[in-house]
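Trainee: I would like to go through this model with you. Can we take the labels one by one?

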Amino acid sequence: MLQQRIALVGFGAIGRAVFDILKNEPRLQIAQIIVSEARREAVQAELGELAAGMSVQALTDVPVGDDRPDLVVECAGHSAIQAHVLPALAAGIPCMVVSIGALSAPGLAEQLEAAADKGRTQVHLLSGAIGGIDALAAAKVAGLDSVVYTGRKPPLGWLGTPAEDTLDLRNLTESTLFFSGSARDAARLFPKNANVAATLSLAGIGLDNIRVELYADPTVKENIHYYEAQGAFGFMAVTLKGKPLASNPKTSALTVYSVVRALHNRVLPVAI
């Protein structure tokens with residue numbers, strides 16, 4: 001039976017949910033939780049309650065020596081890629097990344113590739129809150145002409161973003177377009193909402209070529225992702241109405257399940 005020792009970077013809503021689903025999976029041993037020094041003792045105490053009978057360490061860095069994991073899984077946000085994923089890759093430890101929006105930062109995708117090349121390993125960019133990435137990436141082989149992504153949320157879902165500069169989000173009565181531009185500009189202006197657009201860009205035709213439209217819509221209760229792609233393969237359209245995690249309304253539950261699926265694919269006899 002294949003087995004993997006995993007270092008999980010981050011123990012927020014996503015990390016906790018992944019841990020809870022996998023804690024009784026014998027083939028996937030979460031051996032280390034990587035958090036900040038300020039949180040380490042509290043997380044270790046929490047693990048004592050959540051992981052009775054398990055040996056799980058709360059650490060501040062990914063071990064790269066004798067106690068190195070078989071795999072690092074980033075669930076902590078953009079800064080964790082620089083702090084933990086790049087060093088792990090350079091040390092030859094394969095990694096999975098959830099915070100794809102970080103790759104809209106100039107040069108970071110190239111840094112990931114260089115670190116993985118140096119360590120002779122691989123970084124796996126997870127699909128997260130969006131679906132159909134396998135088909136989009138396959139269509140790219142023959143050539144894509146266009147990809148257009150539309151993100152639609154309830155108005156209050158855009159609080160704390162530049163949408164507040166032009167819209168009265170608390171009193172909006174109809175669906176309103178407040179951004180239309182490239183995926184790169186969308187990621188720059190809306191970094192906390194950039195993961196889906198960045199994922200589509202990497203699978204498709206790049207951050208500067210995918211058009212993004214963002215709506216505040218009082219008629220919807222869910223976060224709605226829709227994209228169209230056209231090319232030599234034909235035409236495809238994907239709509240996804242994502243339910244949030246109960247513990248964090250800003251996080252898609254599908255993001256957690258994409259991590260679990262990717263991990264299962266490393267150890268199950270049949271992967272899909």
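Mentor: We will look at a helix pair, then at a sheet, in what is a predicted model.

Trainee: What makes helix 1 oblique to helix 8?

Mentor: Their angle. Helix 1 (residues 13-22) and helix 8 (residues 253-267) pack at about 45 degrees, with axes 9 Å apart. Roughly parallel needs an angle under 35 degrees, and roughly perpendicular runs from 65 to 115. The pair fits neither, so helix 1 is oblique to helix 8. The crossing is right-handed.

Trainee: Which residues of helix 1 and helix 8 make the contact?

Mentor: Helix 1 gives Ile14, Ala17, Val18, Ile21 and Leu22. Among those from helix 8 are Val256, Tyr257, Val260 and Leu263.

Trainee: How many residues in that contact are nonpolar, polar or charged?

Mentor: There are 10 nonpolar and 2 polar residues, and no charged ones. Thr255 and His264 of helix 8 are part of the contact, and both classify as polar.

Trainee: Now the sheet. Why are strand 8 and strand 11 said to stand at the edges?

Mentor: The sheet is open, with 5 strands in the order 8-9-7-10-11 and mixed pairing. Strand 8 (176-182) and strand 11 (234-242) each have a single partner strand, so one side of each lacks a neighbour in the sheet. The twist averages 15 degrees from one strand to the next.

Trainee: How do you know that strand 8 pairs with strand 9?

Mentor: Pairing takes at least two bridges. Strand 8 and strand 9 (residues 211-216) are joined by 6 and run antiparallel, so they count as paired. One example is Gly181, whose bridge partner in strand 9 is Val212.

Technical notes:
Residues numbered from 1 in each chain as written. Predicted model: local features only at pLDDT ≥ 70, side-chain atom pairs only at ≥ 80, totals over all residues. Heavy atoms only, no water. Axes fitted to C-alpha atoms, helices over the stretch in contact; angles between N-to-C directions. Helix = DSSP H or I, 4+ residues; strand = E, 2+ residues; numbered from the N terminus. Parallel < 35°, antiparallel > 145°, perpendicular 65-115°, else oblique. Left-handed = near helix turned anticlockwise from the far one by under 90°. Contact = heavy atoms within 4.5 Å.
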